Amino acid sequence: MKDGNCIFCKIANGEIPSTTLYEDDDFRVILDLGPAARGHALLLPKEHYANLFELDDAVAAKALVVAKTVAEKMKKALGADGFNLVQNNGEAAGQTVFHFHMHLIPRYENDNAGISWKPGETTPEDMAEIKRLVEAQ
Ligand code: AMP
Ligand code: ZN
């Protein structure tokens with residue numbers, strides 16, 4: 001299903017032009033217009049899924065294979081030193097476009113892309129509680 005009000009549906013299906021690095025029946029990989037680092041790309045399914053939790057299982061499985069294939073080509077072509085796959089779900093997690101997408105971000109020594117977090121703290125008790133809560137679902 002497509003969402004007529006969704007910009008990524010329109011880009012993924014070619015209604016809005018994009019710089020496309022890869023396309024097949026199910027996905028399009030485009031260059032991000034606000035790149036964190038040179039070559040930052042977005043993998044978009046052609047069907048509309050708002051986020052990871054709505055994603056069809058078969059599409060989810062294929063997404064990682066496509067991401068791997070395109071990431072390998074990008075890393076070689078651009079001479080990247082490393083590579084991040086980033087995928088945000090929900091405003092609290094930094095999602096701004098509510099059509100599932102995976103960020104493919106080539107990384108270079110000293111690129112200052114800043115995709116990191118400050119390690120926090122936990123306790124054995126809280127780790128045990130988290131394990132209990134998740135396993136109870
Ligand atoms: P997120 O914050 O995970 O939802 O990521 C949204 C990403 O989409 C950001 O990195 C934006 O720079 C990018 N973006 C938004 N609109 C466009 C567009 N029309 N073409 C390419 N990238 C876009
Ligand atoms: Zn969409």
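This briefing covers a zinc site, a set of salt bridges and a nonpolar surface patch. The structure is a predicted model. Four protein residues, C6, C9, H48 and H99, hold donor atoms for the zinc ion (ligand 2). A search of the whole structure finds 8 salt bridges, and the number of disulfides is 0.

**Zinc site**

- The zinc ion (ligand 2) is bound through the SG atoms of C6 and C9 and the ND1 atoms of H48 and H99, at 2.0 to 2.3 Å.
- The angles among the 4 donor atoms run from 104 to 117 degrees, and the site is tetrahedral.
- Along the sequence, the donor residues follow the spacing C-x2-C-x38-H-x50-H.
- Two of these donors link distant parts of the chain: C9 belongs to helix α1 (residues 7-12), while H48 sits in the loop between β3 (41-45) and α2 (57-78), 39 residues apart.
- C9 has a relative accessible area of 2% and is buried.
- C6 is also buried, at 8% relative accessibility, and H48 counts as buried at 15%.

**Cysteines and disulfides**

- A disulfide is a covalent bond between the sulfur atoms of two cysteines.
- The structure holds 0 of these bonds.

**Salt bridges around E23**

- E23, R28 and K46 form a network of salt bridges.
- Between E23 and R28, the closest N and O atoms are 3.2 Å apart.
- Between K46 and E23, the closest N and O atoms are 2.7 Å apart.
- K46 lies in the loop between β3 and α2 and E23 in strand β1 (residues 20-23), so this salt bridge ties together parts that are 23 residues apart in sequence.
- E23 is partly exposed at 45% relative accessibility.
- R28 counts as buried at 10%, and K46 counts as buried at 11%.

**Salt bridge between D26 and K62**

- The side chains of D26 and K62 form a salt bridge with an N to O distance of 2.8 Å.
- D26 is in the loop between β1 and β2 (27-31) and K62 is in helix α2, so the pair joins parts that are 36 residues apart in sequence.
- D26 is partly exposed, with a relative accessible area of 33%, and K62 is partly exposed, with 30%.

**Nonpolar surface patch**

- I130, L133 and V134 make a nonpolar surface patch of about 270 Å².
- One of these residues, I130, lies in helix α3 (residues 124-135).
- I130 has a relative accessible area of 43%, so this residue counts as partly exposed.

Terms used
Residues numbered from 1 in each chain as written. Chains lettered and ligands numbered in written order. Predicted model: local features only at pLDDT ≥ 70, side-chain atom pairs only at ≥ 80, totals over all residues. Heavy atoms only, no water. Patch = residues over 30% accessible without salt bridge, like charges linked within 9 Å, V, L, I, M, F, W, Y side chains within 5 Å. Areas by Shrake-Rupley, 256 points an atom, 1.4 Å probe, with all protein chains shown as cover. Salt bridge = Lys/Arg side-chain N within 4 Å of Asp/Glu carboxyl O. Helix = DSSP H or I, 4+ residues; strand = E, 2+ residues; numbered from the N terminus. Buried < 20%, exposed > 50% of the residue type's maximum accessible area, 1.4 Å probe, protein only. Donors = N, O, S within 2.8 Å, 3.2 Å for Na, K, Ca; no water. Tetrahedral: all angles 85-135°; square planar, octahedral: opposite > 155°, others 65-115°. Disulfide = S-S within 2.5 Å.
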